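Trainee: I should like a close look at a single part of this model, with enough of the overall picture to place it. Which residues in that part are buried or exposed, and what do they touch?

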Amino acid sequence: MNNKKHTIYFIGLFLLLVICFLLNISLGSVNIPMEDIVSSLSGGQASKNSWEIILWNYRFPKAFVAILVGMGLSVSGLLMQTLFRNPLAGPDVLGLSSGASLGVAFVILGSSFAPTFLSQFFLSSYGMVLASCLGSSLVLLAVLAVSQQIRDTMAILIVGLMFGSFTNAIIGVLTYFSAAEELQKFTFWSLGSLGNQSWTNILILAICCFIGLLLSAFCIKPLNALLLGEKYAKSLGINFKKTRLLIIIATSILAGSITAFAGPIAFIGLAVPHIAKMIFQTSSHSILFWSTLLLGAIILLICDTVAQMPGSDFTLPINAITSIIGAPIVVWLLVRKRKFMM
């Protein structure tokens, strides 16, 4: 009976994803009729040339990025919550998002101290992505080095939080000595953005997300065992140290690459896994993995549609919308803390 119910839920979520995708593309400062979107997607032409440009240069890329970011952050949040057995853990729990922010902060806020040719390269879109990836990779290497020495998973959680505090402190120092123009640019980046991505950037992000999600899929069986504790997992013959390393690497690839391209996006990784658990009423990761994927994409598409403010020329920062929607969910989850399914 449960399998039949879960199948119906999955079909419903997939259809909802398609609807949210089409609505996200249709609504905005210029509303594009659905028949024109379907025609453009099926290889035809929209009735207006301007609509065709808007669809392929702005709306389709942004919608694909929203799907990738939603999927990646949600799954990395699920991994972190199970690994640390902490319902309030998220993909930034290891300090990876803070590390990526530090890399971008050095580029934007410290560019005036670097040679001209270096500052010009790093201030380009590819340079900022590279700096972000380097920042998250350095934090990852530090966390991996510590994880090889520390056996306690909760201790690694604390180490990750300390790395996050350390990088935020350095960003604070850089901010203090920066000019107003540099501060404005860094502030805009920190608000997150799903737009302004080339198809090449989207391909790179898609490859990173595919690798991260593939590694996550290999962890499904060990994750189910980890729900009952490290000792129980070991009694089933699971190599806990190897599994933990694989989870950390998968989360780092997902969170690091997403933060590099889209900036820090809040609450998606924290809230979506709990929504999936409440809908499907299960703790089996073979179901939660796929439901979290779909729900993450759906929720971020909805947030992006709201951020576009249909009928208006304004676009709100995506991070503001995810925080407005996500914060009440997290508060509600805290109130219902006894009912968390871990």
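Mentor: The answer below sets out the whole protein, then takes helix H14 and the loop between H13 and H14 as the part for close study, and ends with other sites.

The model is a predicted one. The protein is made of 15 helices and has 0 strands. Its radius of gyration is 21 Å, close to the 20 Å that the globule rule gives for 342 residues, so the protein is as compact as a globular protein of that length. Along the principal axes, the C-alpha atoms occupy a box of roughly 65 × 60 × 35 Å. Of the 342 residues, 51% count as buried. Among contacts with a separation of 6 or more, 77% join residues 24 or more positions apart. The accessible surface amounts to about 16,200 Å², and carbon and sulfur atoms contribute 69% of that area. There are 19 positive and 10 negative charges, and the mean positions of the two sets lie 22 Å apart.

Let us now turn to the chosen part. Helix H14 covers residues 285-307 and includes Asp 304. Despite its charge class as a negative residue, Asp 304 counts as buried, because its relative accessible area of 5% is under the 20% cut-off. Setting aside residues up to four places away in sequence, Asp 304 touches Asn 24, Lys 62, Leu 194 and Ile 318. The partners of Asp 304 therefore include Lys 62, a residue of the class counted as positive.

The range 285-307 also takes in Phe 289 and Trp 290. The structure holds 10 aromatic pairs, and Phe 289 and Trp 290 form one of them, with ring centres 4.9 Å apart and 90° between the planes. The pair is edge-to-face, because an angle over 60 degrees is classed in that way. The two rings belong to residues with unlike exposure: Phe 289 is buried at 4% relative accessible area, whereas Trp 290 is partly exposed at 45%.

Gln 281 is located in the loop between H13 and H14. Its phi is near 50°, a positive value in a residue other than glycine. Gln 281 counts as exposed, because its relative accessible area of 54% is over 50%. A second non-glycine residue with positive phi is Phe 267, for which the angle is about 75°. Phe 267 sits in the loop between helix H12 (240-262) and helix H13 (268-280). In contrast to the exposed Gln 281, Phe 267 counts as partly exposed at 26%.

Some other sites help to set this part in context. Ring pairs join Phe 21, Trp 56, Phe 60, Phe 64 and Trp 199 into an aromatic cluster. Phe 60, from that cluster, is also among the contacts of Leu 55. Leu 55 belongs to helix H3 (residues 49-83) and is buried, with a relative accessibility of 0%. Beyond its neighbours within four places in sequence, Leu 55 meets Ile 25, Ile 32, Asp 36, Ile 37, Ser 40, Phe 60 and Pro 61. From Leu 55 to Phe 240 the C-alpha distance is 47 Å, across a sequence separation of 185 residues.

Leu 140, in helix H6 (residues 125-149), has a relative accessible area of 15% and is likewise counted as buried. Its contacts outside four places in sequence are Leu 96, Ile 248 and Ser 252. Leu 140 and Phe 163 are 23 residues apart in sequence, with their C-alpha atoms 9.9 Å apart.

Phe 186 lies in helix H8 (residues 180-190) and counts as buried at 10%. Once neighbours within four places are left aside, Phe 186 is in contact with Ser 101, Val 104, Ala 105, Ile 108, Leu 109 and Ile 171. Between Phe 186 and Cys 208 there are 22 positions of sequence separation and 24 Å from C-alpha to C-alpha.

To return to the part requested, helix H14 holds the buried Asp 304, and the loop between H13 and H14 carries the exposed Gln 281.

Definitions and conventions: Residues numbered from 1 in each chain as written. Predicted model: local features only at pLDDT ≥ 70, side-chain atom pairs only at ≥ 80, totals over all residues. Heavy atoms only, no water. Helix = DSSP H or I, 4+ residues; strand = E, 2+ residues; numbered from the N terminus. Rg over C-alpha atoms; globule rule 2.2 N^0.38 Å. Buried < 20%, exposed > 50% of the residue type's maximum accessible area, 1.4 Å probe, protein only. Contact = heavy atoms within 4.5 Å. Areas by Shrake-Rupley, 256 points an atom, 1.4 Å probe, with all protein chains shown as cover. Charge placed at Lys NZ, Arg CZ, Asp CG, Glu CD. Phe/Tyr/Trp six-rings, centres within 6.5 Å; stacked < 30°, edge-to-face > 60°.
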